[in-house]
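Colleague: Please take a close look at one part of this model, the packing of its interior. I would like a connected account that I can follow with the structure open.

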Amino acid sequence: MVKINGKEMDIAGQNLLDYLKEAGYRPERVVVERNLEILAREDLGSITIEEEDTIEVLEFMGGG
Amino acid sequence: MENSVYHFTIDKTLYKDKGEQKMEDKFVLGGKEFNSRFILGSGKYNLKLIEAAVKQGGAEIITLALRRANTQESENILDYIPKGVTLLPNTSGARNAEEAVRIARLSQAMGCGNFVKVEIMRDTKYLFPDNYETVKATEILAKEGFVVLPYMNPDLNVARDLQSAGAAAVMPLAAPIGSNKGLATKEMIQVLIDEIDLPIIVDAGIGKPSQACEAMEMGAAAVMANTAIATAGDVPEMAAAFKLAIEAGRKAYLTGMGRVLARGGSASDPLTGFLR
Amino acid sequence: MNEENQVYFIDSDKLPPEALERKHRLEQDPSFRTNHMEYMDGMQVIESDIKDKVLQAMDAFDYDSYTAMDVERALSHETCSIEDFKALLSPAAAPFLERMARKAEEITKNHFGNTVYIFTPLYIANYCQNYCIYCGFNCYNNIRRKKLTMEEIEHEMQVIAKTGMEEILILTGESRTYSDVTYIGEAVKIARKYFKNIGIEIYPVNVEEYKYLHECGVDYVTVFQETYNTDKYETLHLMGHKRVWPYRFDAQERALMGGMRGAGFSALLGLDDFRKDALATALHVYYINRKYPHAELSLSCPRLRPIVNNDKINPRDVGEKELCQVLCAYRLFLPFAGITVSSRESATFRNGITKICATKVSAGVSTGIGDHEEKYEGKEDADVGDEQFEINDNRSFASMYEDMEKGGLQPVLNDYLYV
């Protein structure tokens with residue numbers, strides 16, 4: 001199982017960038033952290049999601 | 001401590017010297033020059049109003065927060081912020097230095113500059129910043145090259161520590177966040193303005209343009225406001241009102257303010273009668 | 001060499017011809033003198049930008065550009081900015097002296113209450129390597145030189161301590177050879193036995209030496225810059241290590257780096273343009289305070305008295321009114337700083353100024369070497385060293401204490417624990 005933004009998903013083996021696009025994220029507007037490591041945006045396409053990964057996909061929102 | 005930075009911030013002193021010519025009044029922060037001294041918060045209101053608020057408020061810096069991305073909405077706040085505006089992501093949600101550092105690094109990875117407003121809270125009732133953790137996070141982030149703007153409870157010793165830690169400015173709170181209570185910590189903020197060689201940006205609790213104006217008259221380098229604008233009947237119009245108030249306060253400060261007549265008479269015996 | 005200085009040059013017929021020739025050459029030929037801005041061997045250089053900031057501000061200070069309006073504005077402000085302070089030092093502030101004094105009194109009371117500190121200086125040696133043309137101790141002056149032995153120092157201290165005095169300021173002439181750091185350190189160790197608070201006013205030294213002296217028991221270090229105008233300084237301090245202006249300027253900072261609790265500052269007002277020197281002195285304190293906020297800082301205000309009945313009164317002369325204006329401005333700008341008023345001033349002046357802004361006075365003062373018993377108890381002793389300058393207010397400790405109380409002030413002899 002893989003945890004994405006807190007949700008368990010069965011997506012190990014998928015390309016990370018492909019997954020993000022499929023799920024409806026806008027890759028140019030997010031920053032991705034895998035197992036507490038920040039991923040560079042240009043690397044997203046060459047990363048394969050692995051079993052037990054914990055992934056956070058983050059974006060900016062309004063805040064003070 | 002002994003190697004702490006004691007550079008003159010030009011904006012605090014240049015106008016005061018009679019011997020020098022008046023220079024343009026720029027707000028310098030993290031090596032960037034700004035014409036506006038109004039930092040606009042973007043929380044608690046519709047994304048569609050942001051552009052109008054930025055434009056009418058003349059803001060050149062806007063704060064943002066980081067959250068888990070949403071796949072249901074295709075709109076992103078970055079789509080609504082006019083080009084040229086400096087983004088100031090905050091670390092809200094952080095309860096200690098470690099978490100703040102993590103959030104700051106994630107925000108930086110978004111590729112929108114290296115400014116960060118450190119805010120660390122472990123109090124959900126008043127949302128007061130944790131000064132101790134804030135100093136720790138500031139030190140780490142400044143070393144990593146961030147332009148760090150720490151949100152803090154106004155305390156002179158902490159402000160000095162933040163300065164030594166490499167902060168680019170200090171952001172004392174005027175009153176609890178979102179309280180719209182105005183300059184409840186006025187005396188303490190004045191001490192920071194008088195004693196700290198960094199821009200003092202009054203943050204949190206400013207509820208009305210008149211309060212922002214007063215902070216600027218006191219010598220604050222800038223004012224940050226969010227709730228007061230977000231909760232106004234007309235968000236862009238209120239942003240415009242803040243712009244005017246901040247400019248008025250700045251102008252008044254720069255002119256040196258007039259004299260205030262003291263009340264009451266003075267004692268009759270001269271103190272200086274003994275001089276020959 | 002300008003005219004007013006001529007009065008300082010006194011030749012002694014006891015000087016060997018070579019020395020006399022050297023002295024004259026130093027006075028007349030600037031190229032014969034060393035570069036006063038260059039550190040000598042062994043002088044520690046520390047990282048500090050305070051000098052530059054002070055010199056820049058002093059240079060830019062045009063006091064004639066201030067008006068009564070600027071002074072009014074300065075007086076109405078709750079905190080006195082640098083610009084306000086400049087207005088208060090300007091000639092435009094002269095008519096506001098009484099109002100400045102009232103405000104200064106209020107601020108002094110807020111910070112110090114009714115207290116006034118009393119201390120006494122003790123000169124333990126008057127040997128000096130410097131040729132400073134205005135000073136009685138200068139190396140070409142034919143005076144009786146003396147350096148007290150440890151036994152004599154202890155005896156002097158006993159005489160002083162018997163009066164009830166708890167704070168002492170130990171002074172030497174500026175001779176590293178005759179009064180080396182260890183000699184001063186030993187004197188301090190003796191002082192520790194008799195006094196609760198010890199200051200030193202000696203030649204500037206390096207951080208490690210200040211650290212050693214602090215460990216011996218010194219609480220605070222006073223160094224007078226004399227004048228902050230480096231060009232003027234050069235024409236007054238012709239020879240010796242005191243000639244090096246920047247090393248002297250950084251002395252207080254080195255002392256604080258060495259762990260001293262406090263530092264004292266001063267210009268000798270009247271040596272140069274007193275308004276500029278007063279600005280520089282206060283800014284020196286101001287920037288040190290910002291960099292070392294824990295340090296206890298104080299100002300002194302010696303002045304060269306204007307010559308009485310001189311029909312060509314120099315507009316830069318520091319009369320009592322000017323001195324009072326400077327002190328009130330110091331108080332408004334630096335509410336926390338101690339202000340010490342020298343016994344060169346009259347008893348009337350010292351009584352009055354302590355009610356306004358001064359916080360510390362000396363009593364039972366002798367600037368001679370080893371003559372406390374003679375002065376305090378009337379015992380004659382021929383073996384004493386000559387005095388540095390004549391004092392005006394020669395009140396004893398007891399009568400100073402009494403007068404301060406009579407003036408409504410509470411004399412304090414010491415107020416803290418050595419740490």
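**Core packing**

Modeller: In this predicted model, the largest nonpolar core has 122 residues, and C:I170 and C:L327 are the members that touch the most others. Helix 12 of chain C (residues 274-291) supplies the largest share of this core, 10 residues. A nonpolar core is a set of buried Ala, Val, Leu, Ile, Met, Phe, Trp, Tyr and Cys residues joined through C-beta atoms within 7 Å. Buried means that 20 or more other C-beta atoms lie within 10 Å of the residue's own (12 or fewer is exposed, in between is partly exposed), with C-beta atoms placed from the backbone. Helices are DSSP runs of H or I with at least four residues, strands are E runs of at least two, and both are numbered from the N terminus.

Leaving aside residues up to four places away in sequence, C:I170 touches C:L122, C:I124, C:I184, C:A187, C:V188, C:A191, C:I198 and C:I200; two residues are in contact if their C-beta atoms, placed from the backbone, lie within 7 Å. A second, separate core has 97 residues, including A:V30, B:I120, B:V170 and B:M218.

Residues are numbered from 1 along each chain as its sequence is written, while chains are lettered from A and ligands numbered from 1 in the order in which they are written. Since the model is predicted, local features need pLDDT of at least 70 and side-chain atom pairs count only at pLDDT 80 or more, whereas totals for chains, interfaces and linings use all residues.

Helix 12 of chain C also meets helix 4 of chain C (residues 82-89): their axes come within 10 Å and cross at roughly 150°. Axes are lines fitted to C-alpha atoms, for helices over the stretch in contact, and angles run from 0 to 180 degrees between N-to-C directions. The two helices are therefore roughly antiparallel, a term for angles over 145 degrees. The contact is made by C:F85, C:K86 and C:L89 of helix 4 and by C:R275, C:A278, C:L279 and C:A282 of helix 12.

In chain B, 46% of the 276 residues are buried. Helix 7 of chain B (residues 209-217) is largely enclosed by the rest of the structure, because 7 of its 9 residues are buried. Those buried residues are B:P209, B:Q211, B:A212, B:C213, B:E214, B:A215 and B:M216. They pack against strand 9 (201-202), strand 10 (222-225) and helix 9 (235-255) of chain B. After helix 7 of chain B comes B:G219, with a positive phi near 110°.

Definitions and conventions: Parallel < 35°, antiparallel > 145°, perpendicular 65-115°, else oblique.
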